[in-house]
Amino acid sequence: MMADGPLGSARGVYAISVAAELSGVGVQMLRHYERLGLLSPQRTAGGTRRYSEDDLAVLSRIGELVSGGVNLAGVAQILALEERNRELTAEIARLRRSRLQR
């Protein structure tokens with residue numbers, strides 16, 4: 001999941017029915033994506049799923065990939081590679097800042 005931004009984009013606020021409506025993805029498919037590890041919504045103390053803006057962005061990306069003909073196993077790999085790319089980009093930026101401060 002992405003870092004929590006100024007608007008709390010990683011904060012789970014949407015119930016599964018609202019996330020389904022906003023994303024255009026059915027409730028059962030949201031549960032399926034979670035079982036596959038494509039999504040990790042937050043949970044309330046009672047176990048209710050809460051989806052964030054970041055989760056909705058991931059759902060949008062999943063939809064783009066599936067529409068492009070990528071199967072869900074491929075989607076999982078692509079999402080993992082994209083996350084790793086973000087991490088490495090942030091690390092490069094950190095190292096550059098560190099080098100400039102010397």
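This is a tour of one protein chain, stop by stop, for use with the viewer open.

**The whole chain**

Start with everything selected, and keep in mind that the model is predicted. The protein chain has four helices and two strands. Following the sequence from its start, you meet them in the pattern α-α-β-β-α-α. Turn the view to look along each principal axis: the C-alpha trace spans about 55 × 35 × 20 Å.

Now show the surface. About 6900 Å² of the protein chain is exposed, and carbon and sulfur atoms supply 54% of that area. Of the 102 residues, 25% are buried. Colour the charged side chains next: there are 14 positive and 11 negative ones, and the centres of the two sets lie 6 Å apart. Contacts are also worth a look. Among those with a separation of 6 or more, 50% join residues 24 or more positions apart.

**Helix 1**

Select residues 16-23, which form helix 1. Which residues of helix 1 are buried? They are Ile16, Ala19 and Ala20. Looking down the axis of helix 1, you will find these buried residues within an arc of 100°, so they line one face of the helix. A general rule helps here: an α-helix has 3.6 residues a turn, so residues three or four places apart point the same way.

Add helix 2, strand 2 and helix 3 to the view, since the buried residues of helix 1 pack against them. Then rotate to the other side of helix 1, where Glu21 and Leu22 are exposed.

Pick Glu21 by itself. Is Glu21 buried or exposed? Its relative accessible area is 69%, and the cut-off for exposed is over 50%, so Glu21 counts as exposed. With the distance tool, join the C-alpha atoms of Glu21 and Gly69: they are separated by 23 Å, and the two residues are 48 residues apart along the chain.

Leave the helix at Gly24, which follows helix 1 and has a positive phi, near 75°.

**Helix 2**

Select residues 27-36 for helix 2, where Leu30, Tyr33 and Glu34 are buried. Seen down the axis of helix 2, its buried residues fall within an arc of 100°, so they too line one face of their helix. On the face turned away from this buried side, find the exposed residues Gln28 and Arg35.

What covers the buried residues of helix 2? Show helix 1, strand 1 (42-43), strand 2 (49-50), helix 3 (53-67) and helix 4 (72-100), which are included in the cover. Past the end of the helix comes Gly37, again with a positive phi, near 85°.

**The nonpolar core**

Hide the surface and show side chains as spheres. The largest nonpolar core has 16 residues, and those with the most contacts inside it are Leu30, Tyr33, Leu39, Leu59, Ile62 and Leu79. Helix 1, helix 2, helix 3 and helix 4 each give two or more residues to this core. Helix 3 provides the largest share, five residues.

**Leu39**

End on Leu39, one of the core residues with the most contacts. Which residues does Leu39 touch, not counting those up to four places away in sequence? Select Leu30, Tyr33, Glu34, Tyr51, Asp55, Val58 and Leu59 to see them. Leu30, Tyr33 and Glu34 will be familiar as the buried residues of helix 2.

Note on methods: Residues are numbered from 1 along each chain as its sequence is written. This is a predicted model: local features need pLDDT of at least 70, side-chain atom pairs count only at pLDDT 80 or more; totals for chains, interfaces and linings use all residues. Side-chain values use heavy atoms; hydrogens and water are left out. Buried means under 20% relative accessible area, exposed over 50%, partly exposed in between (1.4 Å probe, protein chains only). Contact means heavy atoms within 4.5 Å. Accessible areas come from the Shrake-Rupley method with a 1.4 Å probe; for residues, only the protein chains shown count as cover. Lys and Arg count as positive and Asp and Glu as negative; His and the chain ends are not counted. The place of a charge is taken as NZ of Lys, CZ of Arg, CG of Asp or CD of Glu. The arc is that of the directions from the helix axis to the C-beta atoms. A nonpolar core is a set of buried Ala, Val, Leu, Ile, Met, Phe, Trp, Tyr and Cys residues joined through side-chain atoms within 4.5 Å.
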